[in-house]
Amino acid sequence: MEELLSAITTGEGQEILNPATGEQVGFAPLKSVEDLNEAVRVAREKQPEWEARGEAERNDLLLKAADAVEASAEALAVLLSSEQGKPLNGPNARFEVGACAAWLRATVTFESPDYEVTGEDINAKVVYRPLGVVGAIGPWNWPMMITVWQIAPALRMGNTVVVKPSEYTPLSVLALIKVLNDVLPEGVLQVIPGDGAVGAALSGHEDVDKVMFTGSIATGKKIVESSAATLKRLTLELGGNDAGIVLDDVDPKAIAQDLFWGAFINTGQTCAAMKRMYVPASIYDEVCEALVEVAQASPMGVGLDENNVLGPLQNKAQFDIVDRLVKAAKDAGATVLLGGEPDYDAPGYFYPATLVANIDNDNPLVAEEQFGPALPIIKYENLDEAIEMANALEVGLGSSVWSADKDRAREVAARLRAGTTWINAHGAVDPRVPFGGIKDSGYGVEFGTEGLKGLAYPHAING
């Protein structure tokens, strides 16, 4: 890790602290709007040459980039754990770095969106051509993986990319792009760490043709406003408040592990994690008991300790949100089955894994996205009621249905309003399957051939 850090920082700039210990990780350089302008200029200059290399050569370089990530995987994972807080093991730091390499390779395999239309009176060929320069603005929860989700398809389609990482986790992204740029041609992929002014300048830049953003709804709306003057294309993944509906035919103990990780992956800091669970009254107590048992067996602590699978909240602001929402549940008389009592004097932003039962559907812990290790479990009497509650919020990223009968589960899934509904899983994204939200969870999709289309325009040659 130290060698990687020395390659991306001079020891000056923004101090980055480990959210588990408060210890210094390193310093992230702080770039200005002028630095961003220069990066965009270079990206614009290099884009025609990158496009001219052709898809086969670009794909070959993406595969070599995946190899480079794997060669530096452990150093990247240690840095990610130190900066973001997530443990090395479980579905966390090593998993995330591995996903970066896997996603780069998968992107190469997606079917080309190009197609032909032929007939007696038509002979048309539709070719998807790059938009130009893509701005990628990433989050702090999965900083490396989501950056790859943004840049891999953009590069494959012949765009150049300028990345603006979150101020909370810039080192991880700087290190990742350093590794990728050991393979890629100079200027094709650039990273500009900085404050909100840099992000705002990127989203409104007249020479940026598209912005991809993963983050909050509030910031997403600001990006829409700042991009309006240039009519640039947008892909916005704005998080959600995902509902999971458990049906009355399940074995609670058999699904408890998957239920738990559907909600607590990355210590709950995942846009497409289950953040409210609806359970029928007939098996409510059994499901609650099974979840408590799994949670008690999932150790939380400093990410670099190989034994831990849950870590801290990444920052104080997020800790305060989770703390406020759990207190609201307590004040309303909900039952805290486990957790709910953080040690405010201990180092790090640790909030214990918290399960809350006997809670009203309109409680803030249910109605607001908590984005942390606190899961409200809502009891329902009939399935129509559960579906109505699941669909009631103005978000729609993911959802899930849990049942021993997949046909029955699919019938329920068809009634849910979300970009993705999983059966007997939650948050299990696949690079081949389009992913995106509806309502306030954003618009545009990533992944697969549909994701490639969003990073190009169709040029129809008819005749």
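Biologist: How much area is buried between domain 1 and domain 2?
Modeller: In this predicted model, where local features need pLDDT of at least 70, side-chain atom pairs count only at pLDDT 80 or more, and totals for chains, interfaces and linings use all residues, residues are numbered from 1 along each chain as its sequence is written. Side-chain values use heavy atoms, with hydrogens and water left out. The buried area, meaning the accessible area (1.4 Å probe) that two parts lose on being put together, summed over both, is about 2600 Å² between domain 1 and domain 2, and carbon and sulfur atoms give 58% of that.

Biologist: Which three residues of domain 1 supply the most of what it buries there?
Modeller: Trp140, Ile438 and Lys439 supply 22% of the area that domain 1 buries against domain 2.

Biologist: And where do the domain bounds run?
Modeller: Domain 1 covers 1-239 + 438-462 and domain 2 covers 243-423, with bounds that come from an automatic or database domain assignment.

Biologist: How many salt bridges cross that interface?
Modeller: The rule, which asks for a side-chain nitrogen of Lys or Arg within 4 Å of a carboxyl oxygen of Asp or Glu, finds 1 salt bridge across the interface.

Biologist: Switching to α5, what does its length look like?
Modeller: Helices here are DSSP runs (H or I, at least four residues), numbered from the N terminus. The expected span is 1.5 Å times one less than the number of residues, so the 17 residues of α5 (residues 93-109) should span 24 Å, and the end C-alpha atoms, 25 Å apart, agree with that.

Conventions: Helix = DSSP H or I, 4+ residues; strand = E, 2+ residues; numbered from the N terminus.
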